[in-house]
Each structure stands twice: as structure tokens, then as C-alpha cells.
Amino acid sequence: MRPLRNPVVQSALAWTLAKWMQFCFSTIRWTHENQEAAEAVWAQGGGVLCVFWHSRIGLAPASWPLDRAQSAKALISLSADGEFIAKAVARQGFPAVRGSSTNKDKAEKAKGGTQALRDGLKQLKLGALAITPDGPRGPANVMAEGLPLMAKLSKAPVLFIGMSCSPAIRLNSWDRAVLPLPFGKGAIVWGRADYPEGAEIAEVVADWTSRLNAVEARADQLTGLKS
């Protein structure tokens with residue numbers, strides 16, 4: 001049995017990772033850019049899609065202040081790795097909606113794709129939903145159509161979130177995931193979008209991919225993190 005498929009091992013590692021992330025977040029010197037875009041959405045309340053690339057999941061809790069932002073859930077795959085991630089982020093105040101943000105045409109074949117869409121739309125009536133639009137398998141920084149479809153159906157605003165820290169651990173994974181190290185520099189950069197009325201989903205995918213890449217690149221520029 002693979003270690004991450006063992007519930008006891010999963011829980012212990014998730015607890016350890018959550019505590020490590022919290023320690024790192026508390027010691028990192030954070031820079032925030034265009035935070036007013038996020039503040040306006042938080043003040044407005046209601047549904048919002050929080051969007052960042054899969055490689056920055058390890059930094060995501062630092063971008064969402066639970067004391068003044070909407071309550072949030074994270075869309076996480078049903079894989080064993082996804083179960084581990086779900087437990088780690090739940091310990092930081094972000095319970096999971098399990099499924100995939102896959103292409104809508106392949107939703108039935110995706111792990112929980114159709115159910116995740118329904119549950120995600122239900123969550124967006126209440127608060128925030130965090131999505132990694134290139135997850136759970138990639139390719140890295142390639143956006144699936146699930147995100148713009150959900151934005152179109154829900155009419156919820158989208159917050160693009162670029163996150164970075166340096167120094168950091170870069171995993172040898174398909175997304176080259178970033179894990180924080182303590183006492184370094186961190187940056188969070190926001191951008192706001194709404195689904196354009198009458199637009200084709202493919203056009204929105206191209207535009208939003210560019211915008212998400214831009215906020216992440218800016219965050220990396222602020223911290224000096226190398227790709």
C-alpha cells in the first residue's frame with residue numbers, strides 16, 4: 001500500500017504540513033499588491049471564485065483572511081493525493097469540495113467532475129470556492145474550461161491570485177509545486193474579472209490564462225523566486 005493511501009499516515013502528514021505552513025506564513029514578510037480588488041469582493045460578500053495555479057496550493061491559505069473574507073471551500077480531486085491535500089487545507093479552515101475542474105465535455109469521465117460542478121455552484125451561493133484550473137493532473141498552467149463555465153453559470157466574480165515566496169522548496173512534481181520556508185519574503189498579487197457577457201468559453205480561457213500567469217509572474221518578481 002502506498003503511504004498516502006493509509007488514512008492514519010495521511011492524517012499525521014496533513015497535520016504536520018498544516019502546522020509547518022502556518023509557522024512559515026507567520027514568519028514570512030508579506031507584500032500585497034492590488035489588494036483593494038480583493039477587499040472590494042470581501043466587503044461585497046456572496047460567491048467568489050478564488051483562482052491560482054496548482055503549483056501554489058501550498059501558499060493559498062495565506063491569501064484568504066478568514067476574519068474578514070467570505071468562508072471558503074477548495075475544489076480538490078478525489079485522488080489519494082487529493083485526499084491528503086484536502087485534509088491539510090481543512091486544518092487551516094478550508095474544507096473541500098471533492099472533484100475536478102476538468103473540461104466540461106469530459107466531466108463524466110473525470111473523478112467527480114459533474115458532482116463537483118453542482119457542489120461548486122451550491123458553494124458559490126454561500127461564499128468562496130478556490131480552484132486550481134490546471135489541476136489535478138495538468139499540464140501545468142493550462143486552464144481547463146471548468147473555471148469559466150462555473151463563472152458563467154454562477155455569475156460570481158473571479159479573483160486571480162498570484163502567490164510567491166523565497167526561499168522556497170520546489171518539488172519534483174508535474175507542477176513544480178512551491179512549499180514555503182520560514183523567515184523569507186512573500187508576495188500576494190490579486191486581479192479581478194467577471195465572465196464577459198456573450199463571450200465564448202475558449203476566448204475567456206485564453207484571456208484568463210494570460211491574466212493568471214501575469215499575477216503569478218508579478219508575485220515571483222516581487223520575491224525573486226526563480227522558475
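How many bridges join strand β6 to β7, and in which sense do the two run? Hold on to that question for a second, everyone, and keep the structure in view. One thing to say early: this is a predicted model, so please hear everything that follows as a description of a prediction.

Now the answer. Strand β6, residues 158-170, is joined to β7 by 12 bridges, and the two strands run antiparallel. If you want one rung of that ladder to look for, try Ser 164, whose bridge partner in β7 is Ala 187. Strand β7 covers residues 178-193, and it also pairs with β1, residues 29-33. That pairing is parallel and has 5 bridges. Here you can look for Glu 33, which stands opposite Val 189 in β7.

Let's move on to helix α2. Which residues of α2 are buried? They are Gln 35, Ala 37, Ala 38, Val 41 and Trp 42. These residues cover an arc of only 155 degrees around the axis, which puts them on the same side of the helix. If you are new to helices, here is the background: an α-helix has 3.6 residues a turn, so residues three or four places apart point the same way. On the other side of α2, Glu 36, Ala 43 and Gln 44 are exposed. And what do the buried residues of α2 pack against? They pack against β1, β2, β6 and β7, so we are back with strands we have already met. Just after the helix comes Gly 45, with a positive phi of about 75 degrees.

Next, charges. Side chains of opposite charge can pair when their charged atoms come close. In this model the count comes to 6 salt bridges, and I'd like to show you three of them.

Start with Arg 68 and Glu 39, where the closest N and O atoms are 3.1 Å apart. Arg 68 is in the loop between β2 and β3, while Glu 39 is in helix α2, so this pair links distant parts of the chain, 29 residues apart. Are these two buried or exposed? Arg 68 has a relative accessible area of 40% and is partly exposed. Glu 39, at 30%, is partly exposed as well.

The second pair is Glu 216 and Arg 56, whose side chains meet at 3.4 Å, N to O. Glu 216 lies in helix α6, residues 201-223, and Arg 56 in the loop between β2 and β3, so the pair ties together parts that are 160 residues apart in sequence. Both Glu 216 and Arg 56 are buried.

Arg 56 has another partner to show you. Asp 220 also lies in helix α6, and its side chain makes a polar contact with the side chain of Arg 56 at 3.0 Å. Asp 220 counts as buried, at 13% relative accessibility. Leaving aside neighbours within four places in sequence, Asp 220 is in contact with Arg 56, Met 163, Ser 164 and Leu 225. You may remember Ser 164 as the bridge partner of Ala 187.

The third salt bridge is between Asp 194 and Arg 192, at 3.1 Å, N to O. Asp 194 is partly exposed at 39%, and Arg 192 is partly exposed at 31%. Salt bridges with shared partners also join Glu 39, Asp 67 and Arg 68 into one network.

What about disulfides: how many does the structure hold? The number is 0. Take Cys 24: the nearest cysteine sulfur, that of Cys 165, is 7.7 Å away, whereas a disulfide needs the two sulfur atoms within 2.5 Å. Cys 24 is buried, with a relative accessible area of 0%, and Cys 50 is buried too, at 3%.

Last topic: the backbone. Most residues other than glycine have a negative phi, and most peptide bonds are trans. So where should you look for exceptions?

- A cis peptide bond joins Gly 138 and Pro 139, with omega about 5 degrees; Pro 139 is in the loop between β5 and α5.
- Another cis peptide bond joins Ser 166 and Pro 167, omega again about 5 degrees, and Pro 167 lies in strand β6.
- Lys 155 has a positive phi, near 60 degrees; Lys 155 sits in the loop between α5 and β6 and is exposed at 72%.
- Arg 176 has a positive phi near 50 degrees; Arg 176 is in the loop between β6 and β7 and is partly exposed at 38%.

Thanks for listening!

Terms used
Residues are numbered from 1 along each chain as its sequence is written. This is a predicted model: local features need pLDDT of at least 70, side-chain atom pairs count only at pLDDT 80 or more; totals for chains, interfaces and linings use all residues. Side-chain values use heavy atoms; hydrogens and water are left out. Two strands pair if DSSP finds at least two bridges between them. Helices (H or I, at least four residues) and strands (E, at least two) are DSSP runs, numbered from the N terminus. Buried means under 20% relative accessible area, exposed over 50%, partly exposed in between (1.4 Å probe, protein chains only). A salt bridge is a side-chain nitrogen of Lys or Arg within 4 Å of a carboxyl oxygen of Asp or Glu. The arc is that of the directions from the helix axis to the C-beta atoms. Contact means heavy atoms within 4.5 Å. A polar contact is a pair of N or O atoms within 3.5 Å; within protein, one must be able to donate a hydrogen and the other to accept it, and residues adjacent in sequence count only if both atoms are side-chain atoms.
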